Amino acid sequence: MKRQSMQPIVASGAKILLLGSMPGEQSLIKQQYYGNKRNHFWPIISDLLNVDLTTPSYQYKCQQLIGHGIALWDVIASCEREGSLDSAIRHEKANDIKGLLQQYPTIRWIGLNGTKAYQSFLKYKKKVDIPELPFTKLPSTSPVPGKNVKSYEEKVEAWREISHYL
């Protein structure tokens with residue numbers, strides 16, 4: 001089944017770009033990044049920003065990201081996929097990350113949420129001359145156990161790198 005990514009959450013003054021691979025089924029249905037309540041993204045960001053983002057409205061969550069200089073998007077613009085697993089992604093096409101970085105030159109670091117986002121970003125980076133920015137592969141916030149499952153605390157610690165760029 002054909003899947004299409006959502007628009008980025010970004011505003012003038014963004015310093016950090018967090019990139020996932022492709023939103024899962026629940027996120028696409030809701031049109032909300034990390035819309036699966038079991039995903040660790042919002043709780044991790046809550047812990048890092050010291051703001052409760054676990055229950056407020058999606059609009060509030062997005063405003064908090066923007067207010068802290070964080071942009072959110074996906075590496076993959078479209079793909080074929082049944083279900084929500086990254087391993088099921090086929091025929092992926094990349095988002096215009098280069099264009100986004102040119103439009104928001106204040107972005108100075110890219111965090112990649114999980115292995116698929118990281119691998120897709122590296123493929124994209126080879127094909128397109130994007131600005132040289134530091135980037136980091138972060139542990140996936142997905143609720144689906146993977147090969148290198150980390151505890152919630154280990155994920156928070158790894159994601160703490162964000163604070164160096166805020």
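The legends below describe close-up views of a predicted model.

**View 1. The largest nonpolar core and the residues that touch the most other members of it.** Of the 45 residues in the largest nonpolar core, those touching the most other members are Leu17, Leu18, Leu19, Ile45, Ile97, Trp159 and Ile162. Two or more residues are given to this core by each of β2, α2, α3, β3 (70-74), α4 (97-103), β6, α5 (115-127) and α6, and α2 gives the most, with 6 residues.

**View 2. Leu17 and Leu18 with their contacts.** Leu17 lies in strand β2, and because its relative accessibility is 0%, it counts as buried. Leaving aside neighbours within four places in sequence, Leu17 is in contact with Ala71, Leu72, Trp73, Ile97, Leu100, Leu101, Ile107, Trp109, Ile110 and Gly111. For one of these partners, Ile107, the separation along the chain from Leu17 is 90 residues, while the C-alpha atoms of the two are separated by 6.6 Å. Leu18, with residues up to four places away in sequence again not counted, touches Phe41, Ile45, Ile70, Ala71, Leu72, Trp73, Trp109, Gly111, Leu138, Trp159 and Ile162.

**View 3. Helix α6 and its buried and exposed residues.** Within helix α6, which comprises residues 152-159, Lys155, Val156 and Trp159 are buried. These residues cover an arc of only 100 degrees around the axis, and therefore they lie on the same side of α6. Glu153 and Glu157, on the other side of α6, are exposed. The cover over the buried residues of α6 includes β2 (16-20), α2, β6 (109-113) and β7 (135-138).

**View 4. The second largest pocket and its lining.** The space in the second largest pocket amounts to about 250 Å³. This pocket is lined by 17 residues, of which Gly35, Lys37, Trp42, Thr54 and Lys61 are the closest to its centre. At least two residues of the lining are supplied by each of α2 (41-49) and α3 (58-67), and the largest share, 3 residues, comes from α2. By residue class, the lining of the second largest pocket divides into 8 nonpolar, 6 polar and 3 charged residues.

**View 5. Gln64, a buried residue of helix α3.** Gln64 lies in helix α3, and its relative accessible area of 18% is the reason why it counts as buried, the cut-off being under 20%. When its neighbours within four places in sequence are left aside, Gln64 is in contact with Val51 and Leu53.

**View 6. Gln31 and Asn50, two loop residues with a positive phi.** Most residues other than glycine have a negative phi. Gln31, although not a glycine, has a positive phi of about 55 degrees, and its place is in the loop between α1 (25-30) and α2. With a relative accessible area of 48%, Gln31 is partly exposed. Asn50, which is likewise not a glycine, has a positive phi of about 60 degrees and lies in the loop between α2 and α3. Because its relative accessibility is 71%, Asn50 counts as exposed, a class that begins over 50%.

Methods
Residues are numbered from 1 along each chain as its sequence is written. This is a predicted model: local features need pLDDT of at least 70, side-chain atom pairs count only at pLDDT 80 or more; totals for chains, interfaces and linings use all residues. Side-chain values use heavy atoms; hydrogens and water are left out. On a 1 Å grid over the protein atoms alone, a cavity is a set of points where a 1.4 Å probe fits but cannot get out, and a pocket is an open set with protein on both sides within 12 Å along at least five of seven lines; lining residues have an atom within 4 Å of a point. Grid points are joined across faces, edges and corners, and a volume is the space filled by probe spheres set on the points. Helices (H or I, at least four residues) and strands (E, at least two) are DSSP runs, numbered from the N terminus. Ala, Val, Leu, Ile, Met, Phe, Trp, Tyr, Cys and Pro count as nonpolar, Asp, Glu, Lys and Arg as charged, and the others, Gly among them, as polar. Buried means under 20% relative accessible area, exposed over 50%, partly exposed in between (1.4 Å probe, protein chains only). Contact means heavy atoms within 4.5 Å. The arc is that of the directions from the helix axis to the C-beta atoms. A nonpolar core is a set of buried Ala, Val, Leu, Ile, Met, Phe, Trp, Tyr and Cys residues joined through side-chain atoms within 4.5 Å.
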